Amino acid sequence: MELGRAGLAWAAALLLAALGAQAAAGDFDPYRVLGVGRGSSQADIKKAYKRLAREWHPDKNKDPGAEDRFIQISKAYEILSNEEKRANFDRYGDAGESQGYSQHQHRQFHRFHEGFYFDESFFHFPFNSERRDTSDEKYLLHFSHYINEIVPDSFKKPYLIKITSDWCFSCIHIEPVWKEVAQELEALGAGIGVVHAGYERRLAHHLGAHSTPSLLGLINGKITFFHSAVVRENLRQFVENLLPGNLVEKITDKNYIHFLSNWKKENKPHVLLFDHMPVVPLLYKLTAFAYQDYLSFGYVYVGLRGTEELSSQYNINVYTPTMMIFKEHIDKPADVVQARDMKKQLIDDFLSQNKFLMVARLTNQRLFQELCPVKKSHRQRKHCVVLLTGEGEKFVEAYDAFLTFAVANTKDTLKFVHIYNDRQPEFADAFLMDEEKYRGKSAVVILERRNNAGKVAYKALEEAWQGSKEDNFILLDLLDQLRTDPNLLSSETVLADLNDELAPMFLIRWLYSTLDYLSDCWDSLFHSNWREMMPLLSLLFSALFILFGTVIVQAFSDSSDPRDSPPSEKEETAAKTEKNDASFSKESNRIPKKGFVEVTELTDINYNSNLVRLRPGHMNVVLILSNSTKTALLQKFALEVYTFTGSSSLHFSFLSLDKHREWLEYLLEFAQDAAPIPNQYDKHFLERDYTGYVLALNGHKKYFCLFKPHRSGDEGGSPEDYNSSLHAEARGKSSCSPGSRSIKTKLHKLSFWMERLLEGSLQRFYIPSWPALD
């Protein structure tokens, strides 16, 4: 009986509370809230709203009820500023009662969801999206933006990312701290991101966030979750812990000379920051991470004993942060900046102007592209002066003289670099051509990159570089001529990509990758939820199950099974034969490497399809060779035409001179002005050598273009010597003879001939019809 009375009392209390809330909602009068009459104009209503909003804004009014009062003022103005809502309120006492039952219900729910007046005033959580803080909007991330921009950018700066959603009480609770930390870290150089899980579910799932709010860090494409209390100090420490520990080296009087002397080994300028802070500032660590590929960083705590000599040597003001950058000369800084408040923009401007040494060494292709960019237009020409030298004491004098010349003549359009011939042999051979006068000596080349495929125009100094006054005068004169005459760079070549000299070995890279994976697994074991751990646990239990099952099967297997008898001699022979066949098939199916070109032999079987009936616009490039020169010429031919294999209108073939000499000589009769045709009374008629000739045959229009092999006589030898060497090759002499060396130079300039072929600037020789190929 008592329980029944208690239940009735509770029901009555709840009913009275509901009626009171409804009466409170019905007593809301926007005119009374704004202090205006029912006949007031829109100008009066707007004026009253502005006055009250300034007075009761929560940021200016510290009264505990200011937020509730401000919400009522905003709601009143929302009703009275809308003529339809104002008319409905004047007629029905509610802004939405004149719109039918269904719309009335929707409008009531909409007002409850957006305004959330009672709960919002009670918990002080501004769920209304119109009044929510919009500072996160500029940090919002989308999936494509994250994959294409944020992840690559994380290799230059760490990112702090927040996962949030609507109607999240904890998200609003951490919002003041997040806003403060985001502004602070962004000013220091860290990246900030916000992911709305309600709209970007794919991205939130990709990041591994299964609840909101979640905070995570991103660096070098790797994600790390934040698991501590959300306070300013913890978030700063979390971002700092994301950075590698060896970014900045502590410098004292004992190690500063060793630190600055590493510029030659690391091929980087070295930066020293002098400050009175006992720990390295986070701004400096973030800067070191952003420029780690270009600079090495050291920190000097000027308040520490053991730095007095260093501070006095460079005349450091201990009360002002000072940043110095050292290049080839460690006794004097190349540039200095001092500021009481060292801002990120100031540091970036300072470092971006000093990213490279005065004469940097080309250690990889990326550095070569940055120091020697491709020519974009005639007005934006940039030239590189390259010192081709070696390692050792005998090259030091030539390098020092080149460095002195570079310091005095460096400009925005002129960069000075050097390269070690033994570490980049392909690069050096492309310019020096194995000439004897440069052996064991340094050489200087002025070059200009023409395209990203490796084509360059260059001019080499006639003599080796000794660093004498005469050498300096000659180089300076060439640079002055280059300003007015860009055609001074008359030679052209195609460079292969540079070797990455500083790249770690494969074993070391594999070891680092393994350690990173084990570290991720260890971190996931303690911090990640079970949903994230399922793939790893599934793999682990599968491996254990297979191992355990194998042991069980072996343990219960019948021990009386006959042992495998040793194979007979016939079986061993058959197995070896199969193994050899398998190895041969593997080699034959191996993927071709760079420089591989598919070249088919032109015979009477494929003659019609590869030439006579060739489709309009297509050409067949045919190399003439003999049995004795086949291997050497095909290898050189493939290297020369490899860059043109992307064109679907070009086909590549070779023709045996031993089989089809008459067919070739018939074609050459139509090009008598381009190639000497032997007469039938010549005693060397049958010995005339055409190996190395290249014909570009257009089967549809019945014409061909002719490439004559590069003769050693063009560079100082005589044609008679050349012909005699060719006859010697045809008779099969030793490869050590002068004739064998000339084979390598036959197709020396074929690539430039191919460029002219594609441009259509070569001479064409027309024929009435294609002769039969016997």
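**Exercise 1. Take stock of the fold: how many helices and strands does the chain have, and what share of its residues is buried?**

Start with the secondary structure: this predicted model has 30 helices and 21 strands. Next, check burial: 40% of the 774 residues count as buried. Then look at the contacts with a separation of 6 or more: residues 24 or more positions apart account for 71% of them. Last comes the surface, where the chain exposes about 46,200 Å² and carbon and sulfur atoms supply 54% of that.

**Exercise 2. Work out what covers strand E3: which residues lie on each of its faces?**

Find E3 at residues 214–219, and you'll see that 6 of its 6 residues are buried. Now sort them by side. In a regular strand, side chains alternate between the two faces of the sheet. One side of E3 has Ser 214, Leu 216 and Leu 218, the other has Leu 215, Gly 217 and Ile 219, and both faces are covered.

Now for the neighbours. Strand E1 (residues 159–164) runs antiparallel to E3, with 5 bridges joining the two; Ile 161 stands opposite Leu 216 here. E4 (residues 222–225) is also antiparallel to E3, joined by 4 bridges, and Leu 218 faces Ile 223 across that pairing. Finally, check the turn: the E3–E4 hairpin has 2 residues between the strands, and Asn 220 takes a positive phi near 55°.

**Exercise 3. Classify two aromatic pairs: what is the geometry of Tyr 284 with Phe 297, and of Phe 368 with Phe 427?**

You have 21 aromatic pairs to choose from in the structure. Take Tyr 284 and Phe 297 to begin with: 5.6 Å centre to centre and 80° between the planes, an edge-to-face pair. Tyr 284 sits in helix H15 (residues 282–290) and Phe 297 in strand E7 (residues 296–301), so the pair ties together parts 13 residues apart in sequence. Both Tyr 284 and Phe 297 are buried.

On to Phe 368 and Phe 427. Their ring centres are 5.8 Å apart and their planes sit at 90°, so this pair is edge-to-face. Phe 368 belongs to helix H18 (residues 365–371) and Phe 427 to helix H20 (residues 425–432), which puts the partners 59 residues apart. Again, Phe 368 and Phe 427 are both buried. To finish, follow the ring pairs outward: they link Phe 368, Phe 427, Phe 431 and Tyr 458 into a cluster.

**Exercise 4. Look for charges over rings: which ring face does Arg 202 lie over, and which one does Lys 264 lie over?**

Arg 202 lies over the face of Phe 143, 3.8 Å from the ring centre. Lys 264 lies over the face of Tyr 399, at 5.9 Å from the ring centre; the cut-off is within 6 Å.

Methods: Residues numbered from 1 in each chain as written. Predicted model: local features only at pLDDT ≥ 70, side-chain atom pairs only at ≥ 80, totals over all residues. Heavy atoms only, no water. Buried < 20%, exposed > 50% of the residue type's maximum accessible area, 1.4 Å probe, protein only. Contact = heavy atoms within 4.5 Å. Areas by Shrake-Rupley, 256 points an atom, 1.4 Å probe, with all protein chains shown as cover. Phe/Tyr/Trp six-rings, centres within 6.5 Å; stacked < 30°, edge-to-face > 60°. Lys NZ or Arg CZ within 6 Å of the ring centre and 35° of its normal. Pairing = 2+ DSSP bridges.
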